[in-house]
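Reader: I have just opened this one and would like some help finding my way around. Could we go through it slowly?

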Amino acid sequence: MFPISRMSRELIEAGLGWSWTPARVAREILSAETVVLTSCYGDRVIAFAIMHFGDETAHLNLIAVEPEYRRGGIGRRQMVWLEESALTAGITTIGLELRAGNQIGIRFYRSLGYRETGVVPGYYRGLEAAIRMARTLRPEITQSTV
Ligand SMILES: CC(C)(COP(=O)(O)OP(=O)(O)OC[C@H]1O[C@@H](n2cnc3c(N)ncnc32)[C@H](O)[C@@H]1OP(=O)(O)O)[C@@H](O)C(=O)NCCC(=O)NCCS
């Protein structure tokens, strides 16, 4: 039940309380400006990502993969899908924040071309700093394009 909000609480927000409640996730699913992407194994949601699309920038709110399905490329594929959608929508930059202590998350985003752009002390309820990261999107130009 409520797989996205549960995963958010257990895999992302642990120790910080629970801000991505089922009601908030439901609002995001209904929002025309937000994409809520899921990956499923049978009936089970095993990964999700939530991205807000603005006019020229997008913001990745959350991404998580169930622990037993990690390192199989699911997170990367979700990001690529969202980035391609953002590019199609005319978006040039994707930004995000993550917990300063999330070394795996930082490595994951770096591997996808995101770079640190700043630190926000106390961003998470005054309990933990956030690292800001961003990536500029560029359309792929191949020989056959030109
Ligand atoms: C971060 C997370 C979404 C990555 O998902 P994933 O499906 O395991 O990631 P992928 O398999 O697509 O990995 C892509 C690349 O990221 C890097 N990476 C991912 N996990 C890593 C780890 N544990 N250690 C080092 N590098 C890692 C690697 O470069 C990897 O490429 P490679 O496997 O070819 O070496 C997942 O670890 C997760 O759900 N973490 C908890 C939630 C979280 O921290 N979310 C981000 C902040 S909201």
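**Aromatic rings and a central pairing**

Author: Let us begin with the rings: in this predicted model, Phe-108, Tyr-109 and Tyr-114 together make up one aromatic cluster.

Reader: How many aromatic pairs does the structure hold?

Author: There are four aromatic pairs. One of them brings together Tyr-41 and Tyr-69, whose ring centres are 5.9 Å apart and whose planes meet at 40 degrees, so the pair counts as tilted, stacked being under 30 degrees and edge-to-face over 60.

Reader: Where in the chain do Tyr-41 and Tyr-69 sit?

Author: Tyr-41 belongs to strand β1 (residues 34-41), while Tyr-69 lies in the loop between β3 and α3, so that the pair links distant parts of the chain, 28 residues apart.

Reader: Is Tyr-41 buried or exposed, and what about Tyr-69?

Author: Tyr-41 has a relative accessibility of 57%, and because the cut-off for exposed is over 50%, it counts as exposed. Tyr-69, with a relative accessible area of 23%, is partly exposed.

Reader: Switching to the strands, which ones pair with β4?

Author: Strand β3 (residues 57-65) runs parallel to β4 and is joined to it by four bridges, with Ala-58 having Ile-94 as its bridge partner in β4. Between β3 and β4 the chain passes through helix α3 (residues 74-88), in a β-α-β crossover that is right-handed. Strand β6 (residues 128-136) pairs with β4 in the antiparallel sense over seven bridges, and there Gly-95 stands opposite Ala-134.

Reader: And how many residues of β4 are buried?

Author: Six of the seven residues in β4 (residues 93-99) are buried, which leaves the strand mostly covered.

Terms used
Residues are numbered from 1 along each chain as its sequence is written. This is a predicted model: local features need pLDDT of at least 70, side-chain atom pairs count only at pLDDT 80 or more; totals for chains, interfaces and linings use all residues. Side-chain values use heavy atoms; hydrogens and water are left out. Buried means under 20% relative accessible area, exposed over 50%, partly exposed in between (1.4 Å probe, protein chains only). Helices (H or I, at least four residues) and strands (E, at least two) are DSSP runs, numbered from the N terminus. Two strands pair if DSSP finds at least two bridges between them. A crossover is right-handed if, with the strands pointing away from the viewer, the path from the first strand over the helix to the second runs clockwise. Rings of Phe, Tyr and Trp (its six-membered ring) pair if their centres lie within 6.5 Å; planes under 30 degrees apart count as stacked, over 60 as edge-to-face and the rest as tilted.
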